[in-house]
Amino acid sequence: MKDFHFTIPQDVIFGKGSFERLPEILRKANCKNVFLISDPGLKKVGLVDRAAKIIQNADLQYTEFLELQPNPTVHNVTEAVKAFKASDAESIIALGGGGPMDVAKATGLLATYGGTVIDYVGLEKVSGSVVPMIAIPTTAGTGSEVTASSVITDSETNFKMSIISHYLIPQYALLDPDLIMTLPASIAAACGVDAFIHAMEAYLSKMGNPFTDAMAEKAMEMIGRSIRAFVASRDNEDAACDMMIGSNLAGVAFASALLGNIHAMSHPVSGFFGVAHGVANAILMPTIVEYNALADNGRYRKIYDYIALGKKSDDSFTSDMLVATLKKLNEDLGIPANLTAVGVTEDKLPEMVADAMKSGNILRNPRQSTSKDVEMLYRKAL
Ligand SMILES: [Zn+2]
């Protein structure tokens with residue numbers, strides 16, 4: 001067995017209605033003045049105003065920042081840092097899916113140490129603690145509430161830059177399943193498959209260890225049994241709880257084990273064509289799982305048992321059965337069958353391949369991949 005280091009430094013607080021416990025957490029964190037980062041969509045559905053009310057009713061100072069693009073840019077972060085400094089706040093709350101969390105992490109970093117996003121891109125380039133952060137996910141999800149990475153798009157090159165540092169892990173993750181029970185079905189589907197992929201890629205990663213395996217397996221079990229029911233009816237409380245916790249466990253798993261080719265290759269799809277992260281991952285998933293089958297050491301059968309609802313494998317199991325189940329899952333959840341259907345064109349392939357190869361996740365993929373392999377996989381998924 002390989003050596004490993006596993007840590008989960010934050011408090012994870014789960015409960016239906018736990019959003020109301022925000023003031024208690026802020027007091028515990030010694031924070032009287034808070035800066036909330038969210039997005040215009042959550043303002044529109046009233047969640048930002050609900051957060052504002054909860055915070056202000058507890059006599060705490062509050063500033064909000066909502067100017068984010070769906071794939072947040074360097075400019076979004078620069079503006080957030082300016083607004084954060086002007087607010088004199090002591091903590092950052094990130095309310096939302098991956099976007100607000102990515103911007104909150106980068107804002108906490110740049111407000112503490114200065115510089116720009118590009119100065120910190122890569123692994124562990126942050127020298128110490130940043131502004132304390134409380135993460136409240138409204139999707140299930142990115143798992144970003146427990147991960148060390150912030151992904152910010154360079155709008156000039158469309159490259160999605162990743163800052164990965166354990167100093168960026170939020171201090172508190174507040175999980176309230178009520179917050180995901182009004183999601184549109186399409187977002188529940190894309191985010192839900194993404195969470196499943198986090199668990200699956202962490203489980204298959206070359207950097208996995210017994211701790212991350214345990215988290216990834218439990219995540220696949222919870223998401224596997226509930227993703228279909230949750231997308232069918234987001235007000236299904238049991239399914240929402242499974243998805244919220246499953247997504248969080250998957251985040252814990254991949255924060256240590258990292259991911260694989262699906263995530264390495266989906267970032268350029270989002271960067272160049274604006275495809276939502278979860279949708280890009282879901283479309284690439286069957287093609288890459290088929291490619292990785294050559295490296296399977298018995299784990300595909302376990303993954304199949306978690307996701308093939310109501311079916312259990314026997315000794316006749318083959319990797320094709322997992323690939324077919326994942327294709328059917330996408331179809332059931334309304335995910336397009338190929339990249340062409342979401343507007344991806346061949347002309348950007350050379351740049352996409354180059355950007356995918358820069359991702360550290362290529363190195364964690366169970367089957368070694370060259371740029372030729374990555375190009376072949378993109379062509380297959382088109
Ligand atoms: Zn993801």
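The exercises below work through helices and single residues of a predicted model.

**Exercise 1. Compare the expected span of helix α10 with the distance between its end C-alpha atoms, and say where the helix is kinked.**

Step 1. Helix α10 covers residues 277-292, and its 16 residues, taken at 1.5 Å a residue, should span 22 Å.
Step 2. The end C-alpha atoms of α10 are 21 Å apart, which agrees with that expectation.
Step 3. The helix nevertheless has a kink of about 45° at methionine 285, a position shortly before proline 286.

**Exercise 2. Decide how far α10 is enclosed by the rest of the structure, and describe how it packs on helix α14.**

Step 1. Of the 16 residues of α10, 14 are buried, so the helix is largely enclosed by the rest of the structure.
Step 2. Its packing with α14 (residues 371-381) has an angle of about 130°, and the two axes are 9 Å apart. Angles over 145 degrees would count as roughly antiparallel and those from 65 to 115 as roughly perpendicular, which makes α10 oblique to α14.
Step 3. The crossing of these two helices, α10 and α14, is right-handed. On the α10 side the contact is made by Ile283, Leu284, Thr287, Ile288, Glu290 and Tyr291, while α14 contributes Asp373, Met376, Leu377, Tyr378, Lys380 and Ala381.

**Exercise 3. Describe the packing of helix α9 with helix α13 in the terms used for the previous pair.**

Step 1. Helix α9 (residues 261-273) packs with helix α13 (residues 349-358) at an angle of about 135°, with 8 Å between their axes.
Step 2. The two helices, α9 and α13, are therefore oblique to each other, and α9 passes α13 in a right-handed crossing.
Step 3. The residues that meet are Ala264, Met265, Pro268, Val269, Phe272 and Phe273 from α9, and Glu351, Met352, Asp355 and Ala356 from α13.

**Exercise 4. Classify aspartate 213 and serine 162 as buried, partly exposed or exposed, and place each in its surroundings.**

Step 1. Aspartate 213 belongs to helix α7 (residues 210-232), and its relative accessibility of 14% makes it buried, the cut-off being under 20%.
Step 2. Once neighbours within four places in sequence are set aside, aspartate 213 is in contact with Tyr203 and Arg299.
Step 3. Serine 162 lies in strand β8 (residues 159-164) and, with a relative accessible area of 24%, is partly exposed.
Step 4. With neighbours within four places in sequence again left aside, serine 162 is in contact with Val121, Gly122, Ser150 and Val151. Its C-alpha atom is 8.5 Å from that of serine 359, although the two residues are 197 residues apart in sequence.

Technical notes
Residues numbered from 1 in each chain as written. Predicted model: local features only at pLDDT ≥ 70, side-chain atom pairs only at ≥ 80, totals over all residues. Heavy atoms only, no water. Helix = DSSP H or I, 4+ residues; strand = E, 2+ residues; numbered from the N terminus. Expected span 1.5 Å × (residues − 1). Bend = angle between axes of the 7 residues up to and from the residue. Buried < 20%, exposed > 50% of the residue type's maximum accessible area, 1.4 Å probe, protein only. Axes fitted to C-alpha atoms, helices over the stretch in contact; angles between N-to-C directions. Parallel < 35°, antiparallel > 145°, perpendicular 65-115°, else oblique. Left-handed = near helix turned anticlockwise from the far one by under 90°. Contact = heavy atoms within 4.5 Å.
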